[in-house]
Amino acid sequence: RAGRNFCLAPGELTSNGSDMAVFKARRPAEGTEMPAPRGSTMSDADICRALTAGEAWAAEVVYDRVEDVVDAVLFRLLGPGDGERDDLAQQALERVISTIVSGRYTQGCSLRSWATLITQHLAIDTMRSRSRERRIFDRSVEHHALELVAEETRTPERAAETRRRVEHLLSALATVNRARAEAVVLHDVLG
């Protein structure tokens, strides 16, 4: 699984300019407590304390504990064919970890329930954003079709401009004598 980029080392929590936190991991120093095994039987509170204290292994344990509920919520709300599901799962896991570290997760529910709630909010925000985008952009149009439209010279705008220019030319030709009008048409219009 790609994207397990959320290990936390002491003093390494920074902001990336959004509401997400950026975590950078360091190797544990000699004599440091060994990481908890995957599928740890530690309580949510113990894991949260370790993560808040900067224990890098705690982020992996959080991931293992909530990954399946994050994927299930995204699958249920966005469907099986969503191309952004992996990116959204990564965002949800980052938010889970950042809320634990920032103290916004008060442990009023299980970590899995908290991850479910955060993922639901993320999925709903994504659906709202997509709905707004659909009002502006037609995502069903393929890229090569857009290129064809851009290369096409018979656009309605170009036809209107050509019509306006022909009308302007006809009104100008009507003001000069017939011989000069024919000369202009032969030279400038017909080449």
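## Exercises on burial, salt bridges and the nonpolar core

At 19% relative accessibility, Asp44 counts as buried, where buried means under 20% relative accessible area, exposed over 50% and partly exposed in between, with a 1.4 Å probe and protein chains only. The model is predicted, so that local features need pLDDT of at least 70 and side-chain atom pairs count only at pLDDT 80 or more, while totals for chains, interfaces and linings use all residues. Residues are numbered from 1 along each chain as its sequence is written, and side-chain values use heavy atoms, with hydrogens and water left out.

**Exercise 1.** Determine which residue forms a salt bridge with Asp44, and which helices the pair ties together.

*Solution.* Begin with the rule, by which a salt bridge is a side-chain nitrogen of Lys or Arg within 4 Å of a carboxyl oxygen of Asp or Glu. Asp44 meets this rule with Arg65, the closest N and O atoms being 2.6 Å apart. Next, place the two residues: Asp44 lies in helix α1 and Arg65 in helix α2, so the pair ties together parts that are 21 residues apart in sequence. Helices here are DSSP runs (H or I, at least four residues), numbered from the N terminus. Finally, consider burial: Arg65 is buried as well, at a relative accessible area of 17%, beside the 19% of Asp44.

**Exercise 2.** Describe the salt bridge between Arg130 and Asp82, and find the network to which these residues belong.

*Solution.* The side chains of Arg130 and Asp82 meet at 2.4 Å, N to O. This pair links distant parts of the chain, since Arg130 is in helix α4 and Asp82 in the loop between α2 and α3, 48 residues apart. Arg130 is buried at 19%, and Asp82 is buried at 14%. The network of salt bridges links Asp82, Glu84 and Arg130.

**Exercise 3.** Identify the element that gives the most residues to the largest nonpolar core.

*Solution.* A nonpolar core is a set of buried Ala, Val, Leu, Ile, Met, Phe, Trp, Tyr and Cys residues joined through side-chain atoms within 4.5 Å. The largest one has 30 residues, and those touching the most other members are Leu51, Val62, Val66, Val70, Leu74, Ile100 and Leu111. Two or more residues come from each of α1 (44-52), α2 (56-78), α3 (85-102) and α4 (111-136). Of these elements, α2 gives the most, with eleven residues.
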